[in-house]
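Trainee: Please take me through the aromatic side chains in close detail, and then through the parts of the fold that they belong to. I would like one connected account, with each cut-off stated where it is used.

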Amino acid sequence: ETQRKFFAKPQGKIVAQPTKPAYFTCIVGDSTLEKFVSNNWKYNLGIFDGKRERVVVNSEILNKLKIDKKTTNPPGIISEKMSIVLKKWTENRDYKHIFIDGEEDLAAAALILLLPLESNIYYGQPGQGMVEMRVTEGLKHKVFEVLS
C-alpha cells in the first residue's frame with residue numbers, strides 16, 4: 001500500500017515539453033512517447049505497452065516505430081525480465097524502443113535506479129500531464145527505500 005501511494009503521486013514536475021538537457025532521456029508510456037515522436041523531441045529510450053490507462057489503443061505514430069526489444073512485465077510489479085532488458089540498455093544502448101507485454105508503468109522506477117545521475121525520465125500522469133523526473137541521488141535513495 002505504501003508503494004502504491006508513493007508511485008501514484010508525480011515524482012517530478014508536470015511539464016508541457018522537455019525542459020532540461022540530460023545525460024539520457026528516457027520515455028515511459030504510450031502517450032508520452034507519442035508526444036515526443038510527434039514533436040521530434042530527442043530521446044534515447046522509449047518504453048511502451050500499446051495501452052493508455054490500461055486500455056489497448058492503436059496509435060498510428062507508435063505503430064511506425066521499430067520495436068527493438070520485447071519483454072514482459074505483469075501489472076503492479078517490476079519483473080526480472082524487464083529489469084534485465086533495462087539494465088542491458090544502460091550498458092550498451094544498442095536499441096531505442098522496448099515494447100512491454102503487460103504493463104510498463106513501473107519501468108520508470110527501475111530506470112531511476114539504473115540510469116546515471118542527471119538523466120531525465122518522462123512519463124504521463126493521468127489527468128495531469130507529462131512528468132519530468134531528474135535522476136538524483138535523493139530520488140534514487142527515495143525509490144530504493146520505498147521498494148525495500
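**The aromatic cluster and its surroundings**

Mentor: Searching the whole structure gives six aromatic pairs, where rings of Phe, Tyr and Trp (its six-membered ring) pair if their centres lie within 6.5 Å, and planes under 30 degrees apart count as stacked, over 60 as edge-to-face and the rest as tilted. Phe 36 and Trp 41 make an edge-to-face pair, because their ring centres are 5.1 Å apart and their planes stand at 85°. The model is predicted, so local features need pLDDT of at least 70 and side-chain atom pairs count only at pLDDT 80 or more, whereas totals for chains, interfaces and linings use all residues. Residues are numbered from 1 along each chain as its sequence is written, and side-chain values use heavy atoms, with hydrogens and water left out.

Phe 36 is buried, at a relative accessible area of 0%, where buried means under 20%, exposed over 50% and partly exposed in between, with a 1.4 Å probe and protein chains only. Trp 41 is buried too, with a value of 19%. Phe 36 also forms a tilted aromatic pair with Tyr 122, at 5.1 Å centre to centre and 55° between the planes. That pair links distant parts of the chain, since Phe 36 lies in helix 2 and Tyr 122, 86 residues apart from it, in strand 8; helices (H or I, at least four residues) and strands (E, at least two) are DSSP runs, numbered from the N terminus. Tyr 122 is buried, with a relative accessible area of 0%.

Together with Tyr 43, the residues Phe 36, Trp 41 and Tyr 122 form one aromatic cluster. The ring of Tyr 43 has the charged end of Lys 96 over it, 4.4 Å from the ring centre; a charge counts as over a ring if NZ of Lys or CZ of Arg is within 6 Å of the centre and within 35 degrees of the ring normal.

In helix 2, Phe 36 is joined by Asp 30, Thr 32, Leu 33 and Glu 34 as buried residues. Just after this helix, Asn 40 has a positive phi of about 55°.

Strand 8, where Tyr 122 lies, also contributes to the largest nonpolar core, as do helix 5 and helix 6 (137–147), among others, each with at least two residues. Such a core is a set of buried Ala, Val, Leu, Ile, Met, Phe, Trp, Tyr and Cys residues joined through side-chain atoms within 4.5 Å. This one has 28 residues, and those with the most contacts inside it are Ile 47, Leu 86, Leu 111 and Ile 121. Helix 5 gives the most to the core, with six residues. Helix 5 is mostly covered, six of its eight residues being buried, namely Ala 107, Ala 108, Ala 109, Ala 110, Leu 111 and Ile 112.
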